[in-house]
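The following exercises concern the architecture of a single protein chain. Please work through each task with the structure at hand before reading its solution.

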Amino acid sequence: MDNKTIFALSTVYGKSGVAVIRISGKDALLAISEMTDININNIKPRYAYFSKLYDLEKHNVIDNALVIYFKSPNSFNGEDIVEFQTHGSKAVISSLIYNLGKIYGFRMAEAGEFSKRAFYNGKIDLTQAEGLADLIDAETKEQQRFAIKQMEGSLRDLYGSWREELIKILAYLEAYIDFPDENIPEDICNNILNSVFKISEEIKNYINSNKNTEKLKDGFNVVIIGRPNAGKSSLINSIINREAVIVSDIAGTTRDAIDIHFDLGGYPLIITDTAGLRDKTNDIIEEKGIKIAKEKIKSADIILAVFDAQKENESIFSNIIKNYENKVLYIANKIDKLNKEQCCEIEKTGNIIISAKNSFGIDALLSHILDTIKENFAVSSGAIITRERYRELLSETMINLENFSLDKDIELAAEDIRLAVRSIGKIVGKVDVEEILDRIFGDFCIGK
């Protein structure tokens with residue numbers, strides 16, 4: 001990363017009421033002196049100035065804008081930052097970007113570079129940076145809530161506390177490596193062993209209590225299966241309250257897996273409509289659709305097994321989902337064709353009764369799905385595992401702690417703790433993590 005002053009549009013390009021162009025770096029104030037009549041020697045930080053913006057020759061007015069200066073180190077990324085808040089005209093934005101690019105030492109920002117500089121300047125750690133990325137991408141209430149917690153440092157505080165404890169232990173061990181003739185006192189040995197065991201157990205319990213939490217970011221996979229004409233497509237249309245899937249009485253209409261994204265109580269769902277399951281078909285395309293449906297079952301978080309309550313019961317799925325019973329909700333559809341006593345009998349067996357055609361029972365079904373998600377999304381605290389890399393590095397940390405023993409040579413024992421510190425440090429960015437920085441910040445939008 002060079003030390004040039006960077007600039008970028010921080011709002012979406014196109015017609016809008018307001019556009020924000022952000023400039024960051026040691027020469028950020030040059031943008032004000034070169035393009036406005038504001039005296040930068042008297043400029044007040046965090047004070048909004050209303051000013052004309054000129055091209056570099058100051059022959060033409062680009063726009064009237066609000067100009068704000070954030071002085072280092074009291075800015076988002078710890079550098080001098082200038083913001084031009086202009087009208088959201090494509091012509092204004094293009095002209096302003098063009099002129100900024102002509103100022104010596106200025107260049108366009110790379111993706112995520114503003115946040116990357118905040119990381120390098122110690123304003124945020126990697127978990128907070130990723131929390132910011134998650135907040136930008138958040139589409140549901142729960143995604144927003146947990147992203148804000150992560151931005152506020154919930155993961156940094158938890159993982160940082162474990163790391164600090166391990167560093168203390170490592171310091172003791174390093175001290176005795178430097179003085180090999182000294183024996184470690186028994187009380188210190190006990191304290192070290194107890195601390196390592198305690199941290200190892202805390203990490204293990206934390207991982208176990210955070211099962212499936214990455215799903216909050218990626219979405220929970222809800223797969224609808226059933227025989228042809230069971231009402232799968234009607235069900236998905238009824239759930240999302242619009243006609244997203246073709247409904248027909250002709251068997252085999254749905255031939256491929258169709259994914260629909262849906263927000264249920266703040267949790268993101270990916271609802272998949274699949275081809276009707278049957279033993280034999282002469283249609284090659286339909287046969288491939290059935291194969292895809294069976295693959296989708298394997299990766300599902302929740303399976304909605306839909307059957308026609310007039311003709312079938314849940315036993316038709318016994319061979320198909322025998323290894324996934326803990327994921328299944330059995331849905332008896334078309335109960336509008338049955339009488340009250342028949343419906344009661346079906347409910348007694350634990351099935352959820354609905355009429356997808358009339359949207360009866362859909363709210364109850366959604367409540368069941370939401371309860372199932374919350375049950376599998378049990379979180380002991382606000383500090384949840386939102387990325388697979390967190391889980392992998394925490395597991396690495398735990399393995400190194402489990403390998404630790406004072407029965408080993410002290411150098412080997414210290415190495416186990418050092419590896420544990422390094423693994424957990426990679427999460428927050430307290431070690432050399434250059435190889436993962438570009439991947440993390442490359443997912444950001446240009447002006448962030």
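**Exercise 1.** Determine the strand order of the open sheet that contains β3 and β6, and identify its edge strands.

Solution. In this predicted model, the order across the six strands is β3-β4-β5-β2-β1-β6, and the pairing is mixed. Next, look for strands that pair on one side only: these are β3 (49-54) and β6 (106-108), the edge strands. Finally, the twist from one strand to the next averages 30°.

**Exercise 2.** State in which sense β3 pairs with β4, and find the partner of Tyr49.

Solution. Strand β4 covers residues 61-70, and its pairing with β3 is antiparallel, with six bridges. Within this ladder, Tyr49 has Val67 of β4 as its bridge partner.

**Exercise 3.** Establish which strands are crossed by helix α2 and which by helix α3.

Solution. Begin with α2 (residues 90-101): this helix lies across β1 (5-9), β2 (16-24), β3, β4, β5 (81-88) and β6. Its direction makes an angle of about 150° with β5. Then take α3 (residues 113-120), which lies across β1, β2 and β6 and runs at about 140° to β1.

**Exercise 4.** Describe the packing of α6 against α13: what are the angle, the axis separation, the handedness and the character of the contact?

Solution. Helix α6 spans residues 154-178 and helix α13 spans residues 388-403; their axes are 13 Å apart and form an angle of about 20°. Because angles under 35 degrees count as roughly parallel, α6 is roughly parallel to α13. The crossing of the two helices is left-handed. From α6, the contact involves Leu155, Tyr159, Trp162 and Leu166, while α13 contributes Tyr390, Leu394, Thr397 and Leu401. Sorted by class, the contact comprises seven nonpolar residues, one polar residue and no charged residues.

**Exercise 5.** Give the order of the open sheet that includes β10 and β11, and characterise the pairing of these two strands.

Solution. The six strands of this open sheet follow the order β8-β9-β7-β10-β11-β12, with mixed pairing. Its edges are β8 (258-264) and β12 (352-353), each of which pairs on one side only. Inside the sheet, β10 (residues 302-308) and β11 (residues 328-333) are paired in the parallel sense over six bridges. There, Leu304 has Leu329 of β11 as its bridge partner.

**Exercise 6.** Place these elements in the context of the whole chain: how many helices and strands are there, and what share of residues is buried?

Solution. The protein chain holds 15 helices and 12 strands. Of its 448 residues, 49% are buried. Considering contacts between residues at least 6 apart in sequence, 65% join residues at least 24 apart.

Notes. Residues numbered from 1 in each chain as written. Predicted model: local features only at pLDDT ≥ 70, side-chain atom pairs only at ≥ 80, totals over all residues. Heavy atoms only, no water. Pairing = 2+ DSSP bridges. Helix = DSSP H or I, 4+ residues; strand = E, 2+ residues; numbered from the N terminus. Axes fitted to C-alpha atoms, helices over the stretch in contact; angles between N-to-C directions. Contact = heavy atoms within 4.5 Å. Parallel < 35°, antiparallel > 145°, perpendicular 65-115°, else oblique. Left-handed = near helix turned anticlockwise from the far one by under 90°. Nonpolar A, V, L, I, M, F, W, Y, C, P; charged D, E, K, R; others polar. Buried < 20%, exposed > 50% of the residue type's maximum accessible area, 1.4 Å probe, protein only.
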